[in-house]
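Below is a short note on selected parts of the model, set out as numbered points. Please read it alongside the sequence and the coordinates.

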Amino acid sequence: MFDKILIANRGEIACRVIRTARKLGIRTVAVYSDADANALHVSMADEAVHIGGSPSKESYLLADRVLDAAKLTGAQAVHPGYGFLSENAAFSEACKSNDIVFIGPPVGAIESMGSKSAAKQIMEKAGVPLVPGYHGDDQSPAILKQHADAMGYPVLLKATAGGGGKGMREVWKSEDFDEALEAAKRESLSSFGDDRMLVEKYLTQPRHVEIQVFCDQAGNGVYLFERDCSVQRRHQKVIEEAPAPGMNPMVRAAMGDAALLAAKAINYEGAGTVEFLLDKDDTFFFMEMNTRLQVEHPVTEMITGQDLVEWQLRVAAGQDLPLTQEQLQINGHSFEARIYAEDPDNDFLPVTGTLSYLQPPEESPHVRVDTGVLQGDEVSVFYDPMIAKLIVWDENRDRALSRLAEALSQYRISGMTTNVEFLYNLATAEPFRKADLDTGFIEKHRELIFHKKAEEVERYVPLATLYLILKRNQDAAALASQSADPHSPWHATNGWRSGSANVHDYPLLINGEEVTVLAEQIDASRFSLTTRGSASEVSIQLSGSLNGSGLHADIDGHRVHASVVAHDGIYSLFTQDAAVQFSVIEPDCGDLDDEAAAGFTAPMTGTIVALPVEAGTPVKKDQAIVIMEAMKMEHTIRAPADGTVVEFYCQPGDLVDGGAELVNFEAAKSESKADSE
Ligand code: ADP
């Protein structure tokens, strides 16, 4: 076994690898960029080497710097994690020629799977079923389109060098093909330095089911069952689980065998994942093989009781696989939810900021948190905005799902918008509980998950108001206890006013809906609420108590339990079946953005990629006006109405801050009002 390894990565995966290395008595070396000088992975490692500037191109992607760091510190092996250099054949080759072990598959295997199209050719030969499509070398746009037209729409454009859903575009009709191809190529070029594309038949309701394989240097191979990663946004996974719900054992075995066939076809070694699309009728198609550890590997660890990083280290050191296929068993059920700094209500755009408060749920045999950040850390524009992975386990799916919901409701993050409430709504949605999964799940259940409807929102108003009243009373009591005259009526914030009724006005913004609530205090613990929102006026009586973040309420005799997490003046309310956000509308903060102007501020910090129209040109509603990129994802800003771009305040290549004004746009006078919305 190795004495010392270098981890050529950052964030949660670097920390996770360090944990296993430490358990095995292996010393660790971290590498870091300028932005990561104080990062958790750096402080966890025994040694750390600075390798360059904050953008990954100037640090984590520089093979030479990483190798120099390994040589400098005498590391015998390099663990590449996922992303960055993990699937870079040249890097693996360079390690080898410097007598440093690359903890991953042999160069040939990375090369074979590095291109999605070459991989498909190999798999086709090995008899592994493929999604129908074009994966040829002729890349002229006309040829690509011809294949798409012949195949019939919808089709999916994919970067052959792709990963992480980047450089991927669905095309639903022939007319949209050219614009989609350009965007996919651009995104692919900027992410992978390569803009070759393949065209596939787009399956509309498949599940994403992948098989974890492991092979050793002696030629033994096993599969550690499957993961279902169907719940995705922007073709990127958000919640993964193992085993796949409702999996037929015969199909599992067939997929496992096909995955091992794929691995054997390329003389695989180490950890790998073979991704399949599984159709409603249980037919499955090879999508790609990832020649590294996956982000979602923990769910496999939870159901098999194995440490996959330990397996990787053992195999790389020349040992045999720790277990045979017969010894491997599935025990219970596990979920992983990816906690991201992103705004689900704004097309899941990444957000940046400082984690001013960060308190994950407590870890236990049922709850695991893999993270690379601490309170006070920055989620910067330079790297993936994932804050943590929340992993839960229990003996069956229903119980594991309850664990997931509970742990999500305990996750406290302030300083930026995150997807925690969104994940909670997903985890508590009935179709998810019923495991009615496919890759269109989020789209299909949009209404349910995003909780946008006014009548839905109003159900939470009493709880939100009760929380505010009780919190106010609590704060007042705390203040009073510090005062020289604790019984002075001036400390009371319960609505008591000399000579008037105990009535209080709560103008609330709840999931974007404005609602005004009149709260009247009946006695010490009972209140009467009258709500005036977009739905009809209702009046209810309620009482309750607040204990930390736990809210116990009695609403017209119905007792419920909820929890509320406050952050930066915004409150997240978690009830048994949903999470909502609310805040108190401060007087006079009200000017709602002019709709036409709203689209023209940068939705996030990022780089301007292209300005597809000239200033002064008339444009049609929905025409692309500005193309931005942040965290390697392209975002197109479109005209909200017919009108004219008067002036651009940015140039291609500019780095702009989120909220910065980008364009001076004038909506065409007459139709614009009728058109917008
Ligand atoms: P990446 O390597 O960028 O992650 P994948 O090839 O793994 O890309 O695909 C990512 C996701 O895109 C899949 O999990 C699936 O949801 C969707 N997808 C890929 N190919 C198809 C297809 N042919 N039809 C329908 N969905 C697809």
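**Notes on the predicted model**

1. Strand β1 (residues 4-7) is covered on both faces: K4 and L6 are buried on one side, and I5 and I7 are buried on the other. In a regular strand, side chains alternate between the two faces of the sheet. The coordinates discussed here and below belong to a predicted model.

2. β1 has a parallel partner in strand β2 (residues 27-33), with four bridges between them. Within this pairing, I7 of β1 is bridged to A30 of β2. The connection from β1 to β2 passes through helix α1 (residues 11-23), and the resulting β-α-β crossover is right-handed.

3. β1 also runs parallel to strand β4 (residues 77-79), to which three bridges join it. Here I7 stands opposite H79 of β4. I7 is thus a useful residue to inspect: its bridge partner in β2 is A30, and H79 is the residue opposite in β4.

4. Two packed helices are described by the angle between their axes and the distance between the axes. For helix α4 (residues 89-97) and helix α5 (residues 107-114), the axes come within 9 Å and cross at roughly 175°. Angles over 145 degrees count as roughly antiparallel, and α4 and α5 are therefore roughly antiparallel to each other. A89, S92 and E93 make the contact from the α4 side, and V107, I110 and E111 make it from the α5 side. By class, the residues of this contact are three nonpolar, one polar and two charged.

5. L224 is placed in strand β11 (residues 221-233). Is L224 buried or exposed? Its relative accessible area is 0%, so L224 is buried. Leaving aside residues up to four places away in sequence, L224 touches Q212, F214, T300, T304, L308, W311 and L328. Q541 is 317 residues from L224 in sequence, and their C-alpha atoms are 54 Å apart in space.

6. P298 belongs to helix α10 (residues 297-304). Buried means under 20% relative accessible area, and P298, at 0% relative accessibility, therefore counts as buried. Which residues does P298 touch, not counting those up to four places away in sequence? They are E336, R368, D370, K389 and I391. P298 and L390 are 92 residues apart in sequence, with a C-alpha to C-alpha distance of 9.6 Å.

7. Strand β34 (residues 624-630) has seven of its seven residues buried, so β34 is largely enclosed by the rest of the structure. Strand β32 (residues 606-610) pairs with β34 in the antiparallel sense, over three bridges. In that pairing, T607 has E629 of β34 as its bridge partner.

8. Three strands form an open sheet in the order β33-β36-β38, with antiparallel pairing. Why do β33 (618-619) and β38 (663-667) each have one side without a neighbour in the sheet? Both stand at the edges and each has a single partner strand, so one side of each is left without a neighbour in the sheet. Two bridges connect β33 to strand β36 (residues 643-648) in the antiparallel sense. P618 is bridged to T644 of β36.

Notes: Residues are numbered from 1 along each chain as its sequence is written. This is a predicted model: local features need pLDDT of at least 70, side-chain atom pairs count only at pLDDT 80 or more; totals for chains, interfaces and linings use all residues. Side-chain values use heavy atoms; hydrogens and water are left out. Axes are lines fitted to C-alpha atoms, for helices over the stretch in contact, and angles run from 0 to 180 degrees between N-to-C directions. Angles under 35 degrees count as roughly parallel, over 145 as roughly antiparallel, 65 to 115 as roughly perpendicular and the rest as oblique. Contact means heavy atoms within 4.5 Å. Ala, Val, Leu, Ile, Met, Phe, Trp, Tyr, Cys and Pro count as nonpolar, Asp, Glu, Lys and Arg as charged, and the others, Gly among them, as polar. Buried means under 20% relative accessible area, exposed over 50%, partly exposed in between (1.4 Å probe, protein chains only). Two strands pair if DSSP finds at least two bridges between them. A crossover is right-handed if, with the strands pointing away from the viewer, the path from the first strand over the helix to the second runs clockwise.
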